Amino acid sequence: MSEDYRNLLRPNALPSVWCPGCGNGVVVKALIQAVSDLGWNKDDVMVVGGIGCSGRTPFILDFNTMHTLHGRALAFAAGIKMANPRLKVITVSGDGDTSAIGGNHFIHACRRNIDITAIVFNNGIYGQTGGQLAPTTPVGRRTITTMQGSTEPTFDLAQLALGAGAGFVARSTSFDFNELKGFMHKALLYHGFSVIEVMTACPTYFGRMNDMREPSDMLHYLRDTTEPVGEHAVEAIRESHKLLPTGIFREEARPEYVDAYRERVVRASGGMK
C-alpha cells in the first residue's frame, strides 16, 4: 500500500482471531481505507460490533469502539448517535447477528433512517459457534446442522433493507475489493441509514462443508455466484436472477431521524436550542 494505515489499528490486538482465508480482514481493510480517504479524525469515528466473527472488528480498530450484545449493535449505536450526533457511527455485524436475533433492530433502524452506516458481513453461516445453519445460508448448502443441505429459503438482506425504508442500500463481496471500498465511501458520506451487505468467505466452515477446500476456492465462489449490476440498479434486485446481484440499489435523500428529533425538541421548548 502506498499509504500507511497502521495508525487506525491497535497493534497490541493483532494478529486477529480470524482464520486464514477469512474475508473479514478484506472488509476491514476496505473500511479503514475509506475512512482514511475521507480524512476523518479517528476520534470522531465510533465503531460498534455485535457477537460473532465480525464482532471482533472493534478490538483491532483504533477508533472509539464498543463490543456489545448479540443482535444489539444497532440499538447501542442508535443511543450513541442520539447522545452525540457529531460522531460518525458505524456498526459491524454478521448475517446471523443482523437477520436473526437482531432482525427487529435492523428493520427499525432502516425505518427511522438514523445516520448510521451498517456493514453486514454475510458469510451465510454461523462461523464463531461452529458452523450452524443461518437465515442467509443458500438453499442446498450444507452446514453442521443441515448435513443434507438447507431446505430453508434464503433471507435477502438487501431486499429487507429496501422494504424497511433504508435510504442507502448496497451489496458487494470481499472478492470485489475496489468496488467494496467505493461503496463504503458513499455509504459513510450518506446522511441517513446506509446498509452495505458484504458477501464474504468462511473457508473453515462454509467452504469445507461445501467442497471448497482452499480459501481461493471461496473467492472463486463469490465471483461465480454474484453478478455486478453497477450503481442505482434497483430493478436488478427485483428481477429473477440465477446469480446474486451486487451494486447500489438505492441512494436517495430522506429526512434523517436525529435531525427531525432535535427539530421537534427545539419546537417543544419554544425555539430554545
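1. Contact between H3 and H11. In this predicted model, Lys81, Met82 and Ala83 of helix H3 meet Tyr257, Val258, Tyr261 and Arg262 of helix H11. By character, the residues of this contact comprise five nonpolar and two charged, with no polar residue among them.

2. Geometry of the H3 and H11 pair. Helix H3 spans residues 73-83 and helix H11 spans residues 257-268. Their axes come within 10 Å and cross at roughly 50 degrees. Angles from 35 to 65 degrees fall between the roughly parallel and roughly perpendicular classes, and H3 and H11 are therefore oblique to each other. The handedness of the crossing of H3 and H11 is right-handed.

3. The buried face of H5. Which residues of H5 are buried? They are Gly103, Phe106, Ala109 and Cys110. Viewed down the axis of H5, the buried residues fall within an arc of 130 degrees, so they line one face of the helix. This agrees with a general property of the α-helix: with 3.6 residues a turn, residues three or four places apart point the same way.

4. What covers that face. The buried residues of H5 are covered by elements including H3, helix H4 (95-101), helix H6 (157-164) and strand S6 (194-199). Helix H3 thus appears in two settings in this note: in the cover of the buried residues of H5, and in the contact with H11 through Lys81, Met82 and Ala83.

5. Backbone at Asn113. Just after H5, Asn113 adopts a positive phi of about 60 degrees, although Asn113 is not a glycine. The residue belongs to the loop that links helix H5 (103-112) to strand S4 (117-122). Is Asn113 buried or exposed? Its relative accessibility is 3%, and because the cut-off for burial is under 20%, Asn113 counts as buried.

6. Backbone at Asp211. A positive phi is also found at Asp211, a residue other than glycine, with a value near 60 degrees. Asp211 is placed in the loop between helix H8 (203-209) and helix H9 (215-224). With a relative accessible area of 53%, Asp211 is exposed. The two positive-phi residues described here therefore differ in their surroundings: Asn113 is buried, whereas Asp211 is exposed.

7. Cis peptide bond. Where does the chain contain a cis peptide bond? The bond joins Leu14 and Pro15, and its omega is about 0 degrees. Pro15 is located in the segment before helix H1 (24-38).

Methods:
Residues numbered from 1 in each chain as written. Predicted model: local features only at pLDDT ≥ 70, side-chain atom pairs only at ≥ 80, totals over all residues. Heavy atoms only, no water. Axes fitted to C-alpha atoms, helices over the stretch in contact; angles between N-to-C directions. Helix = DSSP H or I, 4+ residues; strand = E, 2+ residues; numbered from the N terminus. Parallel < 35°, antiparallel > 145°, perpendicular 65-115°, else oblique. Left-handed = near helix turned anticlockwise from the far one by under 90°. Contact = heavy atoms within 4.5 Å. Nonpolar A, V, L, I, M, F, W, Y, C, P; charged D, E, K, R; others polar. Buried < 20%, exposed > 50% of the residue type's maximum accessible area, 1.4 Å probe, protein only. Arc of directions from axis to C-beta.
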